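Q: Please walk me through reading this model, starting with how far to trust its parts.

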Amino acid sequence: MEWLIWIVLLLIIILLLVIASCIKVVPQAQAYIVERLGAYQGTWSVGVHVKVPFLDRVARKVNLKEQVADFPPQPVITKDNVTMRIDTVVFYQITDPRLFTYGVENPMMAIENLTATTLRNIIGDLELDQTLTSRETINTKMRAALDIATDPWGIKVNRVELKNIIPPAEIQNAMEKQVKVERERREAVTRAEGEKKANILVAEGEKESAILRAQAEKESAILRAEAQKEKMIREAEGEAEAILKVQQAHADGIRMLKEADADAAVLKIKSLEAFEKAADGKATKILLPADLQGIASLATVFKEVGDK
């Protein structure tokens, strides 16, 4: 009977192992494709699932996360017959696990070939310069074409990026020379514009300096003229004042003579004083009065009186 107990225990262990193998836990962002006797049975989503032993099997585990496919460079020919190599990166996500499993034999190889053919079709309508400057347009066209083509496979193409564009070596050398020439041209233009601006600034500075000097000379001339004018006015006022004082003194002397009732002898002496002043100047001719003899005798008399 002991061997029978061991057989029962063995059968229980085997049964437990079979039951455990039939319990499946589907993790997040994954889906399991279940087949029963080789036919599609269903798609298990996240959670705990139990399959029928010996009849059901998990045919495929599908990753529902967004994935990246980096394909090697593909040779393409542009519209102007330039051969280049372009490698692409495709961002895709599986939206229908059933179609992904049964739609195409090798989905990744199918996407790679579809990407290569689509890229050749798009680049074949563009010239070299357009290819190098139209990455965004190429990406958009490729994404639209791949998304439509992969829809029956349960795949959604989110983005397509041109990772690298590798033109031939001679084209690269020509492009580098062109860039160098363009850089030198821009440098020369920038230098010329700088020199032009510097010359303009210098000319404007000299112009402003000349204007300031002219204004300063004008103001200085105005100030000198005003000072000269003021000096002349003061000199004229002084001369007028001096003449006025002289005339006033003469008038006062005449008035005093009149008030003193001066006789003819005093008047003659005054005449002689005036004659003395006249003779003391630079005149070359002197007009003598007719009664000079009488005036001289009168002067002798006054001198004798003065000596006594």
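Q: Which element has the lowest mean pLDDT, and which the highest?
A: pLDDT is the predictor's confidence in each residue, from 0 to 100. Helix α8 (residues 292-307) has the lowest mean, 47, and β2 the highest, 92; helices (H or I, at least four residues) and strands (E, at least two) are DSSP runs, numbered from the N terminus. This is a predicted model, in which local features need pLDDT of at least 70 and side-chain atom pairs count only at pLDDT 80 or more, while totals for chains, interfaces and linings use all residues. Residues are numbered from 1 along each chain as its sequence is written, and side-chain values use heavy atoms, leaving out hydrogens and water.

Q: Where does pLDDT stay under 50?
A: Where pLDDT is low, the predicted coordinates should not be read in detail. Here that stretch is residues 301-308, for which the model has 2 contacts (heavy atoms within 4.5 Å) beyond four places in sequence. The protein averages a pLDDT of 80, and 81% of the residues score at least 70.

Q: How is an aromatic pair read, and how many does the structure hold?
A: A pair of aromatic rings is described by the distance of the centres and the angle of the planes. Rings of Phe, Tyr and Trp (its six-membered ring) pair if their centres lie within 6.5 Å; planes under 30 degrees apart count as stacked, over 60 as edge-to-face and the rest as tilted. The structure holds 1 such pair. Y40 and Y102 meet edge-to-face, 5.9 Å centre to centre with 80° between the planes. Y40 is in strand β3 and Y102 in helix α2 (residues 97-102), 62 residues apart.

Q: Are Y40 and Y102 buried or exposed?
A: Buried means under 20% relative accessible area, exposed over 50%, partly exposed in between (1.4 Å probe, protein chains only). Y40, at 33%, is partly exposed, and Y102, at 40%, also counts as partly exposed.

Q: What sits over the ring of Y40?
A: A charge sits over a ring if NZ of Lys or CZ of Arg is within 6 Å of the ring centre and within 35 degrees of the ring normal. For Y40 it is the charged end of R98, 5.1 Å from the ring centre. R159 is placed likewise over F91, at 4.3 Å.

Q: Which residues of α3 are buried?
A: An α-helix has 3.6 residues a turn, so residues three or four places apart point the same way. In α3 (residues 107-123), the buried residues include I111, T115, T118, L119 and I122. M142 is in contact with T115, T118, L119 and I122, among others.

Methods. Expected span 1.5 Å × (residues − 1).
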